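Q: Could you walk me through this one? I would like to start with the sheets and then move on to the helices.

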Amino acid sequence: MDEIIRAVTSDGFIKISAISGRGIVEHARQIHDLSPVASAALGRTLCACSILGDLLKEEDATVTLRLNGSGPIGTVIAVSDSTGNVRGYVQEPHIDLPLKANGKLDVGGAVGKNGTLTVSRDLGLKEPYIGSTALVSGEVAEDLTYYFVESEQVGAACGLGVLVDTDLSIKCAGGFIVALLPGAPASLIETVEANIAKMGQVTDILKDGTAEDLINRVLAGLEPEILAQKSVEYHCYCSRERVSSALESIGSEALEEIAESGDDAEINCHFCNKTYTFTPDEIRAISTRSE
Ligand SMILES: [Zn+2]
């Protein structure tokens, strides 16, 4: 079961969220037929997005994480609701790249670093709150850390990882985002930095461990108190009704044109790969509604 755990140090200066998201990433792999490097790139982004979603306070809010690095994978997108349930896709799910010299999947090479990381929070107001920074490496965690510091002025660190098994299924996935509140003493920051430096890869811990183990490693010696623990999953909200109203918005003229062709219209949901089929008569009915 995938879960997010939120914790805080007893002095209140450090907040952390950690996720174990193997199921989310495996689900994404299956519906999108992701290659290993695409599993890693989208998986890291999904896990981070789920953490950011869980931190939203407004019930109907969503957060979108978008990486546009001009690399061969194209755009990487993840969207989370305020419960941390998440969905996403990459433009080129079958991309294959040689492993890096250290034997790791080349996520940075797939994503590229000639572009931006954008975080968009839709809080149900007129306009979403959008922040964006240049990509540092395309490895996702490093880019997010840079984003928090530069765009949101929050001292933060982020670790993310996806381990792909020999049969290409996901062995483990997850990560953490730790934020330092203003006024945190320097010694505290040093402790966290030292903990992160010696804890090794996120996947080394999640292989046999949990999100709580991640927290205990990042905040070792700082007495973390768990604030919340909840299960999260891959969840798409598409439905025939939603697709119909999206069609409605393209206008009656365009819809009549589609209906005239005499063929069924097939609309594919990018997030869950489900296909919705509309007959010419159904398209005409939608067209009437849009007038
Ligand atoms: Zn869908």
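Q: Which order do the strands of the open sheet with strand 8 and strand 10 have?
A: In this predicted model, five strands make up an open sheet in the order 8-9-2-1-10, and their pairing is antiparallel. Strand 8 (155-164) and strand 10 are the edge strands, each of them pairing on one side only, and the twist from one strand to the next averages 10°.

Q: What does antiparallel pairing rest on, in general?
A: Strands of a sheet pair through backbone hydrogen bonds, and they can do so either parallel or antiparallel.

Q: How many bridges join strand 8 to strand 9?
A: There are 10 bridges between strand 8 and strand 9 (residues 170-180), which run antiparallel, and within this part of the sheet Ala156 stands opposite Ala179 in strand 9.

Q: And strand 1, is it mostly covered or mostly open?
A: Strand 1 (residues 3-9) is mostly covered, with five of its seven residues buried. Strand 1 pairs with strand 2 (residues 14-20) in the antiparallel sense over six bridges, and with strand 10 (residues 224-231), also in the antiparallel sense, over seven bridges.

Q: Which residues of strand 2 and strand 10 stand opposite Arg6 and Ile5?
A: Arg6 has Ser17 in strand 2 opposite it, while Ile5 stands opposite Gln229 in strand 10.

Q: How many residues lie between strand 1 and strand 2?
A: Four residues lie between them, and the two strands form a hairpin; in its turn, Gly12 has a positive phi of about 80°.

Q: Which helices lie across strand 2, strand 8 and strand 9?
A: Helix 1 (residues 22-32) lies across these three strands and runs at about 125° to strand 9. Helix 5 (residues 186-199) lies across strand 2, strand 8 and strand 9 as well, running at about 15° to strand 8.

Q: Okay, the other sheet now: what is the order of its five strands?
A: That open sheet has the order 5-4-3-6-7, with antiparallel pairing. Its edge strands are strand 5 (86-90) and strand 7 (129-134), each pairing on one side only, and neighbouring strands of this sheet are turned by 10° against each other on average, with direction ignored.

Q: How many bridges are there between strand 4 and strand 5?
A: Strand 4 (residues 76-81) pairs with strand 5 over five bridges in the antiparallel sense, and Val76 stands opposite Val90 in strand 5.

Q: Which strands does helix 2 touch there?
A: Helix 2 (residues 36-54) packs on the sheet and touches strand 3 (62-68), strand 4 and strand 5, its direction making about 30° with that of strand 4. Helix 4 (residues 141-151) packs on the sheet too, touching strand 6 (116-122) and strand 7, and its direction makes about 115° with that of strand 7.

Q: Changing topic: at what angle do helix 8 and helix 10 cross?
A: The axes of helix 8 (residues 240-248) and helix 10 (residues 280-290) cross at roughly 60° and come within 9 Å, which means that helix 8 is oblique to helix 10. The crossing in which helix 8 passes helix 10 is right-handed.

Q: Which residues meet in the contact of helix 8 with helix 10?
A: Ser244, Leu247 and Glu248 in helix 8 meet Ile286, Arg289 and Ser290 in helix 10. The residues of this contact divide into two nonpolar, two polar and two charged.

Terms used: Residues are numbered from 1 along each chain as its sequence is written. This is a predicted model: local features need pLDDT of at least 70, side-chain atom pairs count only at pLDDT 80 or more; totals for chains, interfaces and linings use all residues. A residue is buried if 20 or more other C-beta atoms lie within 10 Å of its own, exposed if 12 or fewer, and partly exposed in between; C-beta atoms are placed from the backbone. Two strands pair if DSSP finds at least two bridges between them. Axes are lines fitted to C-alpha atoms, for helices over the stretch in contact, and angles run from 0 to 180 degrees between N-to-C directions. Angles under 35 degrees count as roughly parallel, over 145 as roughly antiparallel, 65 to 115 as roughly perpendicular and the rest as oblique. A crossing is left-handed if the near helix is turned anticlockwise from the far one by less than a right angle, and right-handed if clockwise. Two residues are in contact if their C-beta atoms, placed from the backbone, lie within 7 Å. Ala, Val, Leu, Ile, Met, Phe, Trp, Tyr, Cys and Pro count as nonpolar, Asp, Glu, Lys and Arg as charged, and the others, Gly among them, as polar.
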